[in-house]
Amino acid sequence: MQMPALLEEVSRAHHARPPATPAQIEAFEQSVGWRLDPDLRAFYLHCDGADLFGTVDPAFSFFPLAEIRRARVTMRKKDTDTAGPASWYALCDVRDSNYALLDVSHQLDGRYPIRDGYNEAFPDPAYCRQIARSFSEFLAGALRSNGRWFWLPEQ
């Protein structure tokens, strides 16, 4: 599914916040030192964060730009290399102190991959594995998930 259709679904069936302005995006990029990829730019110009599957304890809560932090700060409250990679950012709260992480260390086809921010094993890359090749792939999975962690095997 293409980003425009995904964004329409977010607005139609879920809780999308008002869009970020181009100035807010520029300020965010200046503060973190990396640029949003095309999927993320489209999302934040459409909505500055969103809650999927409810507004009280949503299954997926995508942070507004102003709340995106390094995963090690969000999850371990420390901004040191021993607390996790500097290139992983908490992008989405997925309940129970777990997060979807944006890995800005590299891109796949011009897009940043998404990792599983499994709290109990963070920051071990064996447990915080890549779960989507791009934000649009992750968002599509989230929208189809009915509120489940779609990247985990069925029990």
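Select F53 to start: you'll find this residue in the loop between β2 (50-52) and β3. This is a predicted model, so treat every number on this tour as a computed one. Check the backbone of F53 and you'll see a positive phi of about 65 degrees, although this residue is not a glycine. Most residues other than glycine have a negative phi. F53 counts as partly exposed because its relative accessibility is 28%.

Now move on to S61, which sits in strand β3. Buried or exposed? S61 counts as buried, since its relative accessibility is 14% and the cut-off for buried is under 20%. Show side chains here: that of S61 makes a polar contact with the side chain of D51, at 2.6 Å. To see what else surrounds S61, leave out its neighbours within four places in sequence; the contacts are then R17, A50, D51, L91, C92 and D93.

Next, stay with β3 and bring up strand β5, residues 88-93. β3 and β5 pair in the antiparallel sense, over two bridges. To find one of these pairings, pick F62, whose bridge partner in β5 is C92. While you have β5 selected, colour by accessibility: five of its six residues are buried, so the strand is mostly covered.

Which other strands pair with β5? One is β4, antiparallel and again over two bridges; look at R70, whose bridge partner in β5 is Y89. Another is β6 (residues 99-103), which pairs with β5 in the antiparallel sense over five bridges. Keep Y89 selected, as its bridge partner in β6 is L102.

Follow the chain from β5 towards β6 and you cross a hairpin with five residues between the strands. R95 takes a positive phi there, near 80 degrees. S97 lies in the loop between β5 and β6 too, and its phi is also positive, near 65 degrees, in a residue other than glycine. With 42% relative accessibility, S97 counts as partly exposed.

Step back to E67, in the loop between β3 (60-62) and β4 (69-70). E67 is partly exposed, at 44% relative accessibility. Draw a C-alpha to C-alpha distance from E67 to A90: you should get 8.9 Å, for two residues 23 apart in sequence.

Now for an odd peptide bond. Select F122 and P123, which are joined by a cis peptide bond with omega about 5 degrees. Most peptide bonds are trans. P123 itself is placed in the loop between β7 (114-117) and β8 (130-132).

Last stop: the largest nonpolar core, with 48 residues. Which of them touch the most other members? Select F43, Y44, F60, F138 and L139. Helix α5 (residues 135-144) gives the most to this core, with six residues. Eight of the 10 residues of α5 are buried, so the helix is largely enclosed by the rest of the structure. To display the buried ones, pick F135, S136, F138, L139, A140, G141, A142 and L143. Then look just past the helix: α5 is followed by N146, which has a positive phi near 55 degrees.

Definitions and conventions:
Residues are numbered from 1 along each chain as its sequence is written. This is a predicted model: local features need pLDDT of at least 70, side-chain atom pairs count only at pLDDT 80 or more; totals for chains, interfaces and linings use all residues. Side-chain values use heavy atoms; hydrogens and water are left out. Helices (H or I, at least four residues) and strands (E, at least two) are DSSP runs, numbered from the N terminus. Buried means under 20% relative accessible area, exposed over 50%, partly exposed in between (1.4 Å probe, protein chains only). A polar contact is a pair of N or O atoms within 3.5 Å; within protein, one must be able to donate a hydrogen and the other to accept it, and residues adjacent in sequence count only if both atoms are side-chain atoms. Contact means heavy atoms within 4.5 Å. A nonpolar core is a set of buried Ala, Val, Leu, Ile, Met, Phe, Trp, Tyr and Cys residues joined through side-chain atoms within 4.5 Å. Two strands pair if DSSP finds at least two bridges between them.
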